[in-house]
Amino acid sequence: MATATKTTNWLVDMLTSTLGRKLIMALTGIFLILFLVVHLLGNLQLLKDDGGVAFNRYADFMGHNPLIQAISIGNFFFILLHIVTSIMLTVRNRAARPVQYAYTQEGKSSAWSSRNMMLLGTIVLIFLVVHLQAFWAKSKFGGLSETSLDGKSVHNLYDATQVAFAENWIVAIYVLSMIGLAFHLFHGFKSSFQTLGLNHKKYSPFIHHVGVAFAVFIPAAYASIPVLMFLKQESMSLFALVGCFVLALVFSMVIKPKQELKKSEGGAG
Amino acid sequence: MAGNSTHKLNLTLKVWRQKNKNDKGKMVEYKVVASPDMSFLEMLDVLNEDLLKKGEDPIAFDHDCREGICGMCSLYINGQPHGPKQTTTCQLHMRSFNDGDTVYIEPWRAKAFPVIKDLAVDRSAFDRIIQAGGYVSVNTGVTVDANEIPIPKDVAGESMDAATCIGCGACVASCKNASAMLFVSAKVAHLGLLPQGQAERYRRVQKMIAQMDAEGFGACTNTGACEAQCPKGISIKNIARMNRDYFVAKLTTEEAL
Ligand code: HEM
Ligand code: SF4
Ligand code: FES
C-alpha cells in the first residue's frame, strides 16, 4: 500500500506537498494582487488630458529605474511560478479523479469561479501575452516612436496605446479579459487568505467584502482605460472611476459571505 | 402504523454496476416502486430483493448503523454525495423524491477510493491517514478523574464539532479535486485543539498530510463544496487551522520525521 515517502530536506518536503503548493499559489497570488494595484495607479495617467506627457514621463521612469527593474524581474518570476504551480496542481487534481461522474450538480455546493480557476487564469494568461507583446516588448526591443520630454528623447508609449485602443477588437479583448480577471479575483482574493490559514469569524466577513469590491473595482478601472480612450472621452475619467467604485460597493454589499453552517447532527432528510 | 403514506413513487434508477475492481463498469437502468417513508437504503433493499428473486446479482453498497453515525453508507445520488439533503444516505428518505423521477446512483469517485464492487468503494486510505498520526498517545494506569484537565468551553466545543466527522468520504466525493482536506483537517482540529493532543500536535499534522498526499488525493482549491456536502457540517475553518499548523510545524519544529 502507498506510504508517505521520506524526503530529507524539510523545505523541499513542504513546498512539494499539496499544502506547500497552495502556499506558493497564495503568496504569488497576493503579490500579483499588489502588482495590479500599483500598475493601475500608473496606467491611470493615460487618462490625464495632457497629450501623454505625464504617462510618458512615468513610463520612462519605470523603464530606467534600477529598483523598478529588479521588482519587474521578480514580478515575471512570480507570475511564472504562479502558472507553473497552477499547472502542477491541476495535473494532480485531475489525476485524483480518474473516472468522472456520469451526472453531477457541482453548482449546488460551490461557486462557478472557484471551479474554473484554470480556465480563468488561462484567459488572464492569453491577455498577458497579447498585452506584453503590444507594449512591454515594444518598449524593450524597439518598435516605438520617440518624443521629446524634459529636454530628452523618450519612447512615446502613449502614442502606442492610442493606436492600439483605436481598434475596437483590441478594446473588446481587453474588456473581456478583465471580466475573466474579475472572476479569478472573486475567488482568488478570499481563497488566498484561507490557504494562509486566515479564517476567523472576526475578520473573514471583512476579507470577503474587500475581496468582492477588489474583484470588481480593479478590473473595471483597468477596462475603463481602453474604453475611454477608444471613445476619446478621457475627460470623463474621474466620473468613470467613481462609477467603478460605486459598482464595486454595490457588488460587495449584495454578495454576502456564506453563512456559517448549522450542524445537522445526522438528522433525517 | 398510522401516518404512513399511501401513495407510491415510481422511479427509474440509473445505477453504476461493476463486477470487481478490474471490470470497466457501466450504468444500468432499473425500475423500482418505493414508498415515501422508506429510507434510500431501504429502497435499494427492495430493489435487491427483486433482483435476487429474478436470479440476478444484487447491487453491492456499503451500510452499517443506518442511524447516520457510522459513516459507512456512501452513494453519489443525483449529482450530490448522499443525495439532495445534507445528511447521510441512510438518513435520506424517499420523501425527498417525486413520482416519476430518474435517480442516478454512483460510487464515490476518487483514485484513492477504488471501487470494490458496484457502489462499494475501498476507503482504507482514510484508515492509513489516521494510522499515520490521527491519535493521542496516553499512558495506561489509573483512570483520570473527569474534568481533571481544564479545557475552556469554546475550545472543547470546537474540538467536539470537528470530532463529529464520521469519516464517510462525502467531502472527497464532492470535491472537484477529490481532495481529503476536510476529513484530515477535522481530525487534526479534533485532536490538536485539546490539551491531551498538544504533545503530538505538530508531528501529527505533518504525518497525516504526508500520508494524505501519498494516497493520491487532490489539493484544495477552497471551493467549499466539501463543507456544503458534509453530513456533519464540518467547517472549512478547520482546513485553515490545519494549514496554519502545518506551516508552523514545518517552519518551527526541529524534530525530523
Ligand atoms: C494578475 C494575474 C493573477 C492574479 C492576481 C492571480 C491571483 C490568484 C490568487 C489570489 C489565487 C488564489 C490562491 C489560493 O487559492 O490560495 C489564484 C489561484 C489560481 N490561479 Fe491565479 N492569478 C493571476 C494569474 C493567473 C494565471 C495567468 C494563471 C494560469 C494560467 C492562474 C491560475 C490559477 C489557478 C489554477 C488557481 C487556483 C489554484 C488552486 O487552488 O487549485 N492565475 N490566483
Ligand atoms: S469531513 Fe464530513 S464529509 Fe468528510 S469524512 Fe468527515 S463527516 Fe464525511
Ligand atoms: S449506515 Fe451508518 S451512517 Fe449511514
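How many helices and how many strands make up the secondary structure of chain A? In this predicted model, the secondary structure of chain A comes to 10 helices and 2 strands. Read from the N terminus on, the elements of chain A follow the order α-α-α-α-α-α-β-β-α-α-α-α, and the C-alpha trace of the chain spans about 75 × 45 × 40 Å along its principal axes. Chain A has 269 residues, of which 40% count as buried. Among the contacts in chain A with a separation of 6 or more, 73% are accounted for by residues 24 or more positions apart.

**A pair of helices in chain A**

Two packed helices are described by the angle between their axes and the distance between the axes. For helix 2 (residues 18-43) of chain A and helix 9 (residues 204-230) of chain A, the angle is about 35° and the axes are 11 Å apart. Helix 2 of chain A passes helix 9 of chain A in a left-handed crossing. On the side of helix 2, the residues that meet helix 9 include Ile33(A), Phe35(A), Leu36(A) and His39(A), while helix 9 contributes, among others, Phe214(A), Phe217(A), Ile218(A) and Tyr222(A). Sorted by character, the residues of this contact between helix 2 and helix 9 of chain A divide into 11 nonpolar, 2 polar and no charged.

**The hairpin in chain A**

Strand 1 (residues 146-149) of chain A pairs with strand 2 (residues 152-155) of chain A in the antiparallel sense, over 4 bridges. These two strands form a hairpin with 2 residues between them, and in the turn Asp150(A) has a positive phi of about 50°. Two of the facing positions are set out below.

| Residue | Partner in strand 2 of chain A |
|---|---|
| Thr147(A) | Val154(A) |
| Ser148(A) | Ser153(A) |

In a regular strand the side chains alternate between the two faces of the sheet.

**The surroundings of ligand 2**

Which residues come nearest to ligand 2? Of the 13 residues around this ligand, the nearest are Cys165(B), Cys168(B), Gly169(B), Cys171(B) and Cys230(B). Helix 4 (170-174) of chain B and helix 5 (181-192) of chain B each supply at least two residues of the shell around ligand 2. When the residues of that shell are sorted by character, they divide into 11 nonpolar, 2 polar and no charged.

Conventions: Residues are numbered from 1 along each chain as its sequence is written. Chains are lettered from A and ligands numbered from 1 in the order in which they are written. This is a predicted model: local features need pLDDT of at least 70, side-chain atom pairs count only at pLDDT 80 or more; totals for chains, interfaces and linings use all residues. Side-chain values use heavy atoms; hydrogens and water are left out. Axes are lines fitted to C-alpha atoms, for helices over the stretch in contact, and angles run from 0 to 180 degrees between N-to-C directions. A crossing is left-handed if the near helix is turned anticlockwise from the far one by less than a right angle, and right-handed if clockwise. Contact means heavy atoms within 4.5 Å. Ala, Val, Leu, Ile, Met, Phe, Trp, Tyr, Cys and Pro count as nonpolar, Asp, Glu, Lys and Arg as charged, and the others, Gly among them, as polar. Two strands pair if DSSP finds at least two bridges between them. A residue is near a molecule or strand if one of its heavy atoms lies within 4 Å of it. Buried means under 20% relative accessible area, exposed over 50%, partly exposed in between (1.4 Å probe, protein chains only).
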